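Thanks for making time this morning. I would like to walk you through one chain, going from its overall form to a few side chains, and I will try to keep to what can be read off the coordinates.

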Amino acid sequence: MNVKNFVVESIDEMKNKVTWPKYSSLQNSAVLVLVASLIFALVIGAIDISFENLMTWFYDLF
């Protein structure tokens, strides 16, 4: 398979065989990912701060 044939078949597949989502569906997915990422970042941040405080307390004992 040469490169030209590959490119032509790839373009044909992207135009005729791929089902693209609607723009509103894409927006909903993007908002969902953004909210989930923010929640995940807050949880990880809270765990990090808690662990830092725990380690500070532990090392201050000695």
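Let me begin with burial, where the figure is plain: of the 62 residues of this chain, 0% count as buried. Please keep in mind throughout that this is a predicted model, and that every value I quote has been computed from it. The accessible surface of the chain adds up to about 6,100 Å², and 70% of that area belongs to carbon and sulfur atoms.

As for the fold, the chain contains 2 helices and 0 strands. Its radius of gyration is 24 Å, whereas the globule rule gives 11 Å for 62 residues, so the chain is more spread out than a compact globule. If you draw a box around the C-alpha atoms along the principal axes, the box comes out at roughly 70 × 35 × 10 Å.

Now to the helices themselves. Helix H1 covers residues 3–16, and Asn16 lies in it; with a relative accessible area of 59%, Asn16 is exposed, because the cut-off for that class is over 50%. How far is Asn16 from Ser37 in space? Their C-alpha atoms are separated by 33 Å, with the two positions 21 residues apart along the chain.

Helix H2 runs over residues 23–60 and includes Ile44. The UniProt record, an unreviewed entry, places a "transmembrane region" at residues 30–51, and I would treat that as an annotation and no more. In the model, that stretch is 100% helix and 0% strand, and its end C-alpha atoms lie 31 Å apart.

Some of the side chains there deserve a closer look. Which residues make up the nonpolar patch on the surface? They are Val31, Val35, Ile39, Phe40, Val43, Ile44 and Ile47, and together they present about 660 Å² of accessible area. Taking Ile44 from that group, we find a relative accessibility of 43%, which puts Ile44 in the partly exposed class. From Ile44 to Thr56, which is 12 residues away in sequence, the distance is 18 Å, C-alpha to C-alpha.

The last topic is the aromatic side chains. How many aromatic pairs does the structure hold? There are 2. In one of them, Phe58 and Tyr59 meet edge-to-face, with 5.7 Å from centre to centre and 65° between the planes. The other joins Phe58 to Phe62, again as an edge-to-face pair, at 5.3 Å centre to centre and with 75° between the planes. Phe58, Tyr59 and Phe62 thus form one aromatic cluster.

Are these rings buried or exposed? Phe58 is partly exposed, at a relative accessible area of 38%, while Tyr59 is exposed at 54% and Phe62 is exposed at 76%.

To pull this together, we have a predicted model of a chain with 2 helices and 0 strands, in which 0% of the residues count as buried. The nonpolar patch on the surface includes Ile44, and the aromatic cluster is made by Phe58, Tyr59 and Phe62. I am happy to go back to any of these points on the screen.

Conventions. Residues numbered from 1 in each chain as written. Predicted model: local features only at pLDDT ≥ 70, side-chain atom pairs only at ≥ 80, totals over all residues. Heavy atoms only, no water. UniProt positions renumbered as here; feature names shortened; annotations may be inferred. Helix = DSSP H or I, 4+ residues; strand = E, 2+ residues; numbered from the N terminus. Phe/Tyr/Trp six-rings, centres within 6.5 Å; stacked < 30°, edge-to-face > 60°. Buried < 20%, exposed > 50% of the residue type's maximum accessible area, 1.4 Å probe, protein only. Patch = residues over 30% accessible without salt bridge, like charges linked within 9 Å, V, L, I, M, F, W, Y side chains within 5 Å. Areas by Shrake-Rupley, 256 points an atom, 1.4 Å probe, with all protein chains shown as cover. Salt bridge = Lys/Arg side-chain N within 4 Å of Asp/Glu carboxyl O. Rg over C-alpha atoms; globule rule 2.2 N^0.38 Å.
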